Amino acid sequence: MPRNTTLIIRNGNSDTLHYSSEVLASGELAAAVDSGIVKVGNGNAPWSGLPSIGVPSNPIAITGASGVLNMVSIAQADYNNIANPDPHTLYFIV
């Protein structure tokens, strides 16, 4: 199949993107080519302040398993205040 158009989004390695203070425009995509993490800009925050678009997870062949869609670093007290923790979020208590 012939390739008519190539779309390239902002990209770099994880460290370069993480330590950049450049703000991603609202709706602008950026990808860390070494980790596969993709984020969408909000017009206010740099890469390090944005959530990723999901976490690679493949539970298809495992009976009763579900995928991880989010990872969060959170203090114990804040976690304790969550009425209904999301079953698809992996919480790291720090």
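In this predicted model, a good place to start is K39, which lies in strand β3. With a relative accessible area of 9%, K39 is buried, because that value falls under the 20% cut-off used for the term. The surroundings of K39 include E28, L29 and A30, and also W47, S48, L50, P51, S52 and I53, when residues up to four places away in sequence are not counted. One of these neighbours, L50, also places its backbone oxygen 2.9 Å from a polar atom of the K39 side chain.

From K39 the view can widen to the strands. Strand β3, which covers residues 38-40, pairs with β2 in the antiparallel sense over three bridges, and within this pairing V40 in β3 is the bridge partner of L29. The two strands, β2 and β3, form a hairpin with five residues between them, and in the turn G36 has a positive phi of about 80°. Strand β2, residues 29-32, also pairs with strand β1, residues 10-12, here in the parallel sense and again over three bridges; in that pairing G12 stands opposite A32 in β2.

Another part of the chain brings in the aromatic rings, for which the count comes to one aromatic pair. That pair is formed by Y79 and Y91, whose rings are edge-to-face, 5.0 Å centre to centre and with 65° between the planes. The pair links distant parts of the chain, since Y79 belongs to helix α2 (residues 76-80) and Y91 to strand β5 (residues 89-93), 12 residues apart. Y79 is partly exposed, with a relative accessible area of 26%, whereas K39 is buried.

Methods. Residues are numbered from 1 along each chain as its sequence is written. This is a predicted model: local features need pLDDT of at least 70, side-chain atom pairs count only at pLDDT 80 or more; totals for chains, interfaces and linings use all residues. Side-chain values use heavy atoms; hydrogens and water are left out. Two strands pair if DSSP finds at least two bridges between them. Helices (H or I, at least four residues) and strands (E, at least two) are DSSP runs, numbered from the N terminus. Buried means under 20% relative accessible area, exposed over 50%, partly exposed in between (1.4 Å probe, protein chains only). A polar contact is a pair of N or O atoms within 3.5 Å; within protein, one must be able to donate a hydrogen and the other to accept it, and residues adjacent in sequence count only if both atoms are side-chain atoms. Contact means heavy atoms within 4.5 Å. Rings of Phe, Tyr and Trp (its six-membered ring) pair if their centres lie within 6.5 Å; planes under 30 degrees apart count as stacked, over 60 as edge-to-face and the rest as tilted.
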